Amino acid sequence: MAEGRTPGGPPSPDRRKLLLVLGYGAASVLALRELGSTGTDGQTHVDGLTDGHTSPSEPAAVEGAAAAPAADHVYDAVLANGRVMDPASGYDRVANVGIDGPTVAAISTSALTGRTIFDVVDRVVAPGFIDILSYEPNGYGIWFKIADGVTTNLGCHGLDARAPDFFARWGSEGSPCHYGGAYDNPWMRGEGWIGLGSGDAATADQIARLKDDVAQQIDQGWIGVDFEPEYTPGITYDEMRAQAEVAAEKGVPCFFHGRYSDNQPPGTNRDTLDEIIRIAKDTGAGVHVEHITSTGGTFSMPDSLALLDQALADGHGVSACMYPYDFWATYLASPRFADGWQDRYHISYGDLEIPGTGERLTEATFRQYREENKLAVAYAIPDDDVVAGLKSSLTMIGSDAILEPENNNHPRSTGCFTRTLGVYVRERKVLSLMDALAKMTILPARRLEARAPALRRKGRLQRGADADITVFDPTTVSDRSTVANPAQEAVGIDYVLVNGQVVKSPEGLHKDVRPGTPITYGV
């Protein structure tokens with residue numbers, strides 16, 4: 001979950017302190033369904049996560065793609081002899097990818113000629129990974145994202161800025177990743193604008209002002225609306241509903257860090273999901289459960305997933321994301337550590353650790369670091385919940401983190417995607433490779449592309465798609481980051497291309513290359 005807000009007062013200005021092998025059988029058939037709710041007509045899940053399908057003989061093309069060039073065409077670059085995998089179509093063959101400028105111009109089993117040729121034999125060539133639950137693309141942490149295979153960094157856990165300011169800043173500073181995100185209700189109702197404390201309820205006039213503001217800022221670029229009632233316990237259902245009505249009208253989803261995060265009454269995971277699903281039913285907005293393994297599903301994952309599956313079957317636009325770790329992290333002054341946390345999460349002081357130090361806590365150090373509002377990791381997610389979450393057709397991979405220079409953060413900030421591939425595909429075989437890639441590429445793209453047109457060309461490896469590509473070694477890809485030292489780049493990612501430009505190669509990160517572009521609202 002996001003790093004927590006200090007209870008009882010306005011949030012701090014720093015977002016991190018605010019809220020804080022591979023299955024080589026034939027990959028799965030991805031039968032794609034559409035959502036039933038207004039404005040969310042993108043795919044949010046994969047039907048039937050199973051092995052055993054046959055790859056199409058020909059690669060797909062995005063709508064409106066140009067015809068493949070003539071056989072004697074010379075491409076700007078060619079990725080040669082790799083295992084080309086496109087989760088959107090199921091294409092899975094050894095092939096060559098021809099790139100012209102920022103676009104995939106051809107995919108062919110025949111040889112292609114290029115001005116630059118990268119021999120990627122024995123490597124997987126996949127669409128660049130989309131992190132649907134990240135934060136601002138700061139110039140330190142974003143390069144760890146690149147090393148983790150990410151090409152699109154979306155701050156859908158809410159961004160602490162007004163849309164024009166955010167896009168102006170990163171357009172000026174530049175980023176190796178594409179960037180965008182969601183309207184941040186906690187920040188805008190708090191110190192960002194209205195000035196409410198986390199426990200304060202908004203008045204009818206304030207709700208009306210927030211509703212108008214959401215509409216304006218979506219038009220200015222945001223592609224979702226983020227709510228975090230666990231960290232803003234004063235927020236009422238009426239406040240969330242009013243802004244969700246705008247989201248439905250605009251066709252963007254609402255992202256929820258739910259109100260409760262355990263199975264102990266009063267306030268349970270069921271209550272959390274009931275509130276979120278009620279928003280979908282009452283407004284027609286699509287809803288997305290953030291980090292379900294730590295908020296909304298912990299200790300009750302089968303029941304929680306069944307509840308979401310039923311909502312989807314009833315025609316509501318429901319999805320979820322998760323990170324593949326059995327521990328979460330948040331700030332010690334957040335409401336999550338209110339009295340009774342040991343019983344709620346079935347842990348004690350020794351199950352807490354300060355990232356970047358390796359220090360386990362005692363009652364005395366807990367009290368000390370709570371005064372300092374340190375970020376702490378809590379070893380409180382059952383392994384069975386992680387496995388069940390990954391196997392669900394509803395879930396996508398989202399990191400809920402980006403590393404800051406002080407390195408006091410969860411290792412998911414630097415190893416979320418490669419850990420999925422290394423541990424849960426290659427080692428434990430929880431997912432097939434194609435299904436894991438779908439959760440990192442086409443599922444987040446389809447979740448948002450109805451009103452984020454740029455994403456209609458991302459999350460796919462097809463002719464006419466953007467040349468956002470991640471090339472990795474399936475036998476070695478892995479995370480290296482730990483709680484004690486999260487600032488470690490992942491391994492096994494050979495090449496990362498963004499808009500056809502190499503931002504990572506076997507020689508390292510190309511920090512002078514910043515081809516990222518904004519992902520903004522549109523039709």
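How many of the residues of strand 12 (residues 318-322) are buried? In this predicted model, five of its five residues are buried, and the strand is mostly covered. The cover extends to both of its faces. On one side lie Val318, Ala320 and Met322, on the other Ser319 and Cys321, and all of these are buried.

Strand 12 is a good place to begin a walk through the sheet around it. It belongs to an open sheet of eight strands with parallel pairing, arranged in the order 6-7-8-9-10-11-12-17. The edges of this sheet are taken by strand 6 (129-131) and strand 17 (395-397), each of which pairs on one side only. Direction ignored, neighbouring strands of the sheet are turned by 25° against each other on average. Within this order, strand 11 (residues 287-289) runs parallel to strand 12 and is joined to it by three bridges. One pair of residues to look for here is Val287 and its bridge partner in strand 12, Val318; Val318 is also among the buried residues of strand 12.

At the other end of the order, strand 6 and strand 7 (residues 150-159) pair in the parallel sense over three bridges. Phe129 stands opposite Val150 in strand 7. Helix 3 (residues 163-173) packs on the sheet here, touching both strand 7 and strand 8 (178-184). The direction of helix 3 makes about 160° with that of strand 8.

A second open sheet is built from four strands in the order 13-16-14-15, and its pairing is antiparallel. Strand 13 (328-331) and strand 15 (359-360) each have a single partner strand and stand at the edges, so one side of each is left without a neighbour in the sheet. Strand 14 (residues 352-354) and strand 16 (residues 375-378) pair in the antiparallel sense over two bridges. Leu352 has its bridge partner in strand 16, namely Ala378.

Antiparallel pairing is also found between strand 2 (residues 91-100) and strand 3 (residues 103-108), which are joined by five bridges. These two strands form a hairpin with two residues between them. Gly101 sits in the turn, with a positive phi of about 55°. On the paired strands, Ile99 stands opposite Val104 in strand 3. Strand 3 is mostly covered, with five of its six residues buried.

Turning to the helices, helix 7 (residues 269-283) and helix 8 (residues 301-313) pack at an angle of about 15°, and their axes are 10 Å apart. That angle makes helix 7 roughly parallel to helix 8. Their crossing is right-handed. Helix 7 contributes Asn269, Arg270, Leu273, Asp274 and Ile277 to the contact, while helix 8 contributes Ser304, Leu307, Leu308 and Ala311. By character, the residues of this contact divide into five nonpolar, two polar and two charged. A simple rule helps in reading such lists: an α-helix has 3.6 residues a turn, so residues three or four places apart point the same way.

Helix 12 (residues 412-427) and helix 13 (residues 433-440) form another packed pair. The angle between them is about 160°, and their axes lie 11 Å apart. Helix 12 and helix 13 are therefore roughly antiparallel to each other. The crossing of this pair is right-handed. Phe417, Thr420, Leu421 and Val425 of helix 12 meet Leu433, Ala436, Leu437 and Met440 of helix 13 in the contact. The contact residues comprise seven nonpolar, one polar and no charged.

Helix 13 itself has eight of its eight residues buried, so it is largely enclosed by the rest of the structure. The buried residues include Asp435 and Lys439 as well as Leu433, Met434, Ala436, Leu437, Ala438 and Met440. Leu433, Ala436, Leu437 and Met440 thus appear in two roles, as buried residues and as partners in the contact with helix 12.

A final detail concerns a residue outside the helices and strands described above. Asp473 is found in the loop between strand 18 (469-472) and strand 19 (493-498). Is Asp473 buried or exposed? With a relative accessible area of 10%, Asp473 counts as buried, the cut-off being under 20%. Leaving aside its neighbours within four places in sequence, Asp473 is in contact with Asp122, Arg123 and Gly492.

Terms used
Residues are numbered from 1 along each chain as its sequence is written. This is a predicted model: local features need pLDDT of at least 70, side-chain atom pairs count only at pLDDT 80 or more; totals for chains, interfaces and linings use all residues. Side-chain values use heavy atoms; hydrogens and water are left out. Axes are lines fitted to C-alpha atoms, for helices over the stretch in contact, and angles run from 0 to 180 degrees between N-to-C directions. Angles under 35 degrees count as roughly parallel, over 145 as roughly antiparallel, 65 to 115 as roughly perpendicular and the rest as oblique. A crossing is left-handed if the near helix is turned anticlockwise from the far one by less than a right angle, and right-handed if clockwise. Contact means heavy atoms within 4.5 Å. Ala, Val, Leu, Ile, Met, Phe, Trp, Tyr, Cys and Pro count as nonpolar, Asp, Glu, Lys and Arg as charged, and the others, Gly among them, as polar. Two strands pair if DSSP finds at least two bridges between them. Buried means under 20% relative accessible area, exposed over 50%, partly exposed in between (1.4 Å probe, protein chains only).
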